[in-house]
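Hi,

Here is the structure I said I would pass on. Have a look first, and then read my notes underneath.

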Amino acid sequence: MNSNNSMIRTPAANYLRQRECQSATGTFNRTFERSLHVFPSLLDRLELETELQGHSGCVNCIEWNEDGSLLASGSDDLKVILWDPLQHKKVWSLDSGHLGNIFSVKFLPKRIDKVITAAADHNIKLHSIQNNCTLQTFRCHVNRVKRLANTLSTPYLFWSASEDGTVRQFDFREHHTCQDGQPCNNVLINVGHREQRSFHTEVKSIAVNSMRPELLAIGCNDQYVRLYDTRMLTKGPRPTSETVKGYIRSFTAGHLNKQTSNVRHSIMKRPIACTYVTFSPNGQELLANLGGEQVYLFDALRERTPTKFTVDDFQISAPDTCHFISNLNSSTFTNDMATSFPAARYGKQLSFFTNSSPTLVRSESLRIRGNDAYNCREYSLAIQYYNIAILWDINNPTLYSNRAAAYLARGWDGDAYAALRDCRMSLSLDSKHLKSWIRLSRCLNCLRLFKESKACLDFIKSCFVWYTDKEIIKSLESEINDGLATAERERRHNHATNNQSRTSLKCSDFKMRYCGHCNTTTDIKEANFFGANSQFIMAGSDEGSFFIWDRESTNLLHIVRGDDSIVNCLQPHPNQCILATSGIDHVVRLWSPRLRIEETETRHLESIYSVSSENQRRMHFDPFEVMLLNVIYHSEASNNNNNRNNDDNNDDNNDDNNDDNNDDNNNDNDNIDSSLYPLSCRTS
C-alpha cells in the first residue's frame, strides 16, 4: 500500500514532502514559498482589508520596509506616517517640515529607524524615527523632486530624480552640506538642457536594479526610458546626456520612437511622459508606465530591434519573394519573439506538448472562440483568446495574423504597431500567408508610412495576381492614395513653415504591452510587478481603479475599484499577498484575499472590456473633461450600468478572421474548460 501511494503521489504532495525534508535539515526551500506568494485564485478573492486613516490630503507615495512589518506614506498634508499593516494602526507620525507636497518616501536599507522624503519644495529630508525629528535637509535641486531610489546592496547610497532635469547621488559616508547660491557637485545625470529639443526635460521617475545596482533607469517627460551604468558616470556640476560614457541605451515602443521639437506628443498630439519605471525582482526586465499611452515591459539586459520597413524591403528579389523575406532570419526572429512568452507558468506543458494533439486542439479551440468574438466586434475579448492560443502554439502563423486583424479593428493607441509586429511574425513563419501581407500593408498605412504601405500593396498585387480585383485590395489602395495626398500637403506645409522632419532614435523595443488603464491626469501614477515571480502586472488608473494583467499572456484579469477619483500608487508586500494602494483619497488602502460572502459587495468590476474601452477614449480628452467623466462614470457604476459602447471600425475587417475557420472545428470548444478562459461571444 505504501509503495502504491508513493507511486501516485501528486506534484503538490512531492512539493510538501521536499519542503518538510529540507526544513528538517535547516535548508528551507524558498521555491515553494515563492510559488504560493500570489496566484490566480488569490487574486480572484483580493478585496479591501482596511483603510488606514490619518492623512488630511492626497497620499502621493507609499513604501514597505524590507520585511514588510511597516508601511510608510507621504501626503499633501506634509506628514509622514508609519503604519503597522497587521494591526491596522498608526505607529509613528511626523510633520516633515516640507513646504510642498511630499512625492516620495523611502526607508534606509538596514536602518529601520530612518526615512528620507522628497517634495515639491525642491528639498530632500532625512528623518529619525527614534528621535522624531529631521536630521538633515538637502537643498541641491532647483525644482520639484519627484522620486527617490535606493537598494539593499548599497545601503549608504540613494539617488534623487527632479524636474530640474538632474539625477543626483548621495553618499552617507561623505559629509555633504548645501551652500546657498552654489551648485552641489553630486549631479550624476543631467538631461535638462539639450540642443535638439525646444523643451526642458524633467526627470519624473527613477529605479535602481536590485540585482545589479550599477544599473540605473530614469523616466522623463517624454516617451523614453534611459538606462545608465553608474560605474561609468562621474559626479559633478556639469551636464551629462545620452552621449556620455555610461549611457547604455533608451527604451520605447517602436511607434513612439520619433524625435522632433514636438517629441513629447504622440501621433494624436497628446503629451507623453514616463510616470513610473521599475526593475523586475530578478533584475532582467524594466516596467514603464507611459502617461498618455500604455504600460510596457522591456528587456533590460538585451536590446530588441524595433520592427520597421522601408520601400526597398518590398522590391522583388526572386519569384514571389521580396527583400524582406529573403533577408529575414526566420529562426532568429522567431526565437526572439518566442522569448516574449516566458514559460514560468506554462513552460513544462509547452515543452512537453509542443506538437501534441491535446495542445493543438486547445489552441484551435481558442482560435475559434477568438474568431467568434471578433465577429461579434468584441475585439479585446478576441485578442485575449488569441493571446492564450499563442501560448499553446507559438509557431502558428494564423494566430498572429488573426490577432493583428483584431488589433487593427480595435484601434487603441499602439495597436497598429502591435499588429505590425504580429504580421512580421506571421510572415516569418509562413511567407505566403496572403492575409498577413494585406494586414501588413494596412498596418503601415495606419502608422502613416504611406510609401511603404504602397510598396507592400504593389508586391501583393504582383505575387497574388488572382486577388488583385478583390474589393479589400481596391479599398486599401484608395486609403493609401488618400494618405499619400495628405502626406504631400503636410510636407509642403512643413517646408513652408520650416518645421523639423521626424527622425528615429536608436532605441530598444518593448517585450510586452498591457492595455486598458488611463494615465493622463497625474504624473506620479505607478505600475508594478505582483508576485514573487512577477507573474502579474498592475497599474493605477484615472477612473479610480487599479488594473491587474497576466504578465505572460498580457490578458487583463481584474479591474478593482481602489479610489473615489484616481489610483496613483500600488506597492506589493515583499513576502505576502497584500497590496497597498493610495491616490486622491486621504487614506491608504490595504488589499488581501478575503473569504467571499454572497451578501458582501465586491470591488471587482465585471465590465472590464467596457471600462478599458472608455479609458482609451479618456486618454484623448482634456484632463478637466476626464474629471467630469469620472463623476458620470461613478454615477453609472452606482446604478450597475454595464452597457458597453462599441467602437466603430472599418467594415472591411469584419470578414477577415472568419475565413480562417474550418467548419469541422466548430464544436472543438466543448473540449475546453470554459472557466479557464474569458466568456465566449457566439454567433447565431
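Which sign does the phi of Arg 377 take, just after H8? Arg 377 has a positive phi, about 65°. The helix before it, H8, covers residues 357-375, and its 19 residues should span 27 Å at 1.5 Å a residue; the end C-alpha atoms are 27 Å apart, which agrees. That expected span is 1.5 Å times one less than the number of residues.

Some housekeeping before the rest. This is a predicted model, so local features need pLDDT of at least 70 and side-chain atom pairs count only at pLDDT 80 or more, while totals for chains, interfaces and linings use all residues. Residues are numbered from 1 along each chain as its sequence is written, and side-chain values use heavy atoms, with hydrogens and water left out.

On confidence: pLDDT (the predictor's confidence in each residue, from 0 to 100) has a mean of 82 over the protein chain, and 75% of the residues reach 70 or more. Take care with two stretches. Over residues 259-268 pLDDT stays under 50, and the model has 34 contacts for them beyond four places in sequence. Residues 659-684 also stay under 50, with 55 such contacts. Contact here means heavy atoms within 4.5 Å.

As for the whole chain, it holds 16 helices and 31 strands. These are DSSP runs numbered from the N terminus: helices are H or I with at least four residues, strands are E with at least two. Of the 684 residues, 57% are buried, where buried means under 20% relative accessible area, exposed over 50% and partly exposed in between (1.4 Å probe, protein chains only). Among contacts between residues at least 6 apart in sequence, 61% join residues at least 24 apart.

Now to strand E8, residues 124-128. 5 of its 5 residues are buried, so E8 is largely enclosed by the rest of the structure. Both faces are covered: Ile 124, Leu 126 and Ser 128 lie on one side, Lys 125 and His 127 on the other. E8 pairs with E7 (residues 111-119) in the antiparallel sense over 5 bridges; two strands pair if DSSP finds at least two bridges between them. Ile 124 is the bridge partner of Ala 118. The E7-E8 hairpin has 4 residues between its strands, and His 122 in the turn has a positive phi of about 80°. E8 also runs antiparallel to E9 (residues 133-138), again joined by 5 bridges, with Thr 134 as the partner of His 127. In that second hairpin, Asn 132 takes a positive phi near 55°.

Further along there is an open sheet of 4 strands, ordered E25-E26-E27-E28 with antiparallel pairing. E25 (527-530) and E28 (556-561) stand at the edges with a single partner strand each, so one side of each has no neighbour in the sheet. E27 (residues 545-550) and E28 share 5 bridges, and Ser 545 has Arg 561 as its partner. Helix H15 (residues 608-618) packs on this sheet, touching E27 and E28, and its direction makes about 80° with that of E28. Axes are lines fitted to C-alpha atoms, for helices over the stretch in contact, with angles from 0 to 180 degrees between N-to-C directions.

One residue to look at in H15 is Asn 615. At 1% relative accessibility, Asn 615 counts as buried. Its contacts beyond four places in sequence include Gly 516, Ser 541 and Phe 547.

Cheers
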